Amino acid sequence: MFMIYVLCLNPAVDCYERYYDIKLKGNNRTKYQKFYIGGKGINVSLMLNNLGVKSRLLTVLGGFTGDYIYKTLRKMKIDVIPFNTKTPTRINLKIEA
């Protein structure tokens, strides 16, 4: 039996937000906020897992966002080996219209 190793050097947390009304000057309140883990390597690992192919994800994670990605991957039964860094893993903010 073989195992595929997937290297993900630039993972991310994708944050989708929808607002009631966007004001240029003032506070903006969100209707909802959703978080998804992402990055090409993570997406490949998720797809391999869905297809039943054994794989191991090697990725760089840091800060609270890295913790979120790691915990989410473990819940999804993804075999992950994190390389920890002090720099937080990036967040992509996506505003839905």
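Reader: How many bridges join strand β2 to β6, and do they run parallel or antiparallel?

Author: Strands of a sheet pair through backbone hydrogen bonds, either parallel or antiparallel. In this predicted model, β2 (residues 12-19) and β6 run parallel, joined by seven bridges. One residue to look at is Cys 15, whose bridge partner in β6 is Leu 93.

Reader: What is the strand order of the sheet?

Author: The order is β3-β2-β6. This is an open sheet of three strands with mixed pairing. β3 (30-38) and β6 (90-96) stand at the edges. Each has a single partner strand, so one side of each lacks a neighbour in the sheet. From one strand to the next, the twist averages 20 degrees.

Reader: Which helix lies across β2, β3 and β6?

Author: That is α2 (residues 63-75). Helix α2 runs at about 70 degrees to β3.

Reader: Back to the cysteine. How many disulfides are there?

Author: Zero. A disulfide needs two cysteine sulfur atoms within 2.5 Å. The sulfur of Cys 8 has its closest cysteine sulfur in Cys 15, 19 Å away, which is too far for a bond. Cys 15 is therefore in no disulfide either: its nearest cysteine sulfur, that of Cys 8, is 19 Å away.

Reader: Are Cys 8 and Cys 15 buried or exposed?

Author: Cys 8 is buried, at 3% relative accessibility. Cys 15 is buried too, at 4%.

Reader: How do I read a pair of aromatic rings?

Author: Take the distance of the centres and the angle of the planes. The count here is two aromatic pairs. In one, the rings of Tyr 16 and Tyr 36 have centres 5.5 Å apart and planes at 80 degrees, so the pair is edge-to-face. Tyr 16 lies in β2 and Tyr 36 in β3, so this pair ties together parts 20 residues apart in sequence. Tyr 16 is partly exposed at 24% relative accessibility, and Tyr 36 is partly exposed at 42%.

Reader: What are the distance and angle for Phe 35 and Tyr 68?

Author: Their ring centres are 6.3 Å apart and their planes stand at 65 degrees, so this pair is edge-to-face. It links distant parts of the chain: Phe 35 sits in strand β3 and Tyr 68 in helix α2, 33 residues apart. Phe 35 is partly exposed, with a relative accessible area of 40%. For Tyr 68, also partly exposed, the value is 34%.

Reader: Now the interior. How many residues has the largest nonpolar core?

Author: It has 13 residues. Those with the most contacts inside it are Ile 37, Ile 42, Leu 57, Ile 69, Leu 73 and Ile 78. β1 (4-8), α1, β4 (55-62) and α2 each give two or more residues to this core. The largest share, three residues, comes from α1.

Reader: What does Ile 78 touch beyond four places in sequence?

Author: Ile 78 is in contact with Ser 45, Leu 46, Asn 49, Leu 57 and Leu 73.

Reader: Where is Ser 45, and is Ser 45 buried or exposed?

Author: Ser 45 is in helix α1 (residues 40-50). Ser 45 is buried, with a relative accessible area of 0%. Setting aside residues up to four places away, Ser 45 touches Val 6, Ser 55, Leu 57 and Ile 78.

Reader: What is the phi of Lys 77?

Author: Most residues other than glycine have a negative phi. Lys 77 has a positive value, near 65 degrees. Lys 77 is found in the loop between α2 and β5 (80-85). Lys 77 is exposed, with a relative accessible area of 68%.

How values were computed:
Residues numbered from 1 in each chain as written. Predicted model: local features only at pLDDT ≥ 70, side-chain atom pairs only at ≥ 80, totals over all residues. Heavy atoms only, no water. Helix = DSSP H or I, 4+ residues; strand = E, 2+ residues; numbered from the N terminus. Buried < 20%, exposed > 50% of the residue type's maximum accessible area, 1.4 Å probe, protein only. Contact = heavy atoms within 4.5 Å. Pairing = 2+ DSSP bridges. Axes fitted to C-alpha atoms, helices over the stretch in contact; angles between N-to-C directions. Core = buried A, V, L, I, M, F, W, Y, C linked by side-chain atoms within 4.5 Å. Phe/Tyr/Trp six-rings, centres within 6.5 Å; stacked < 30°, edge-to-face > 60°.
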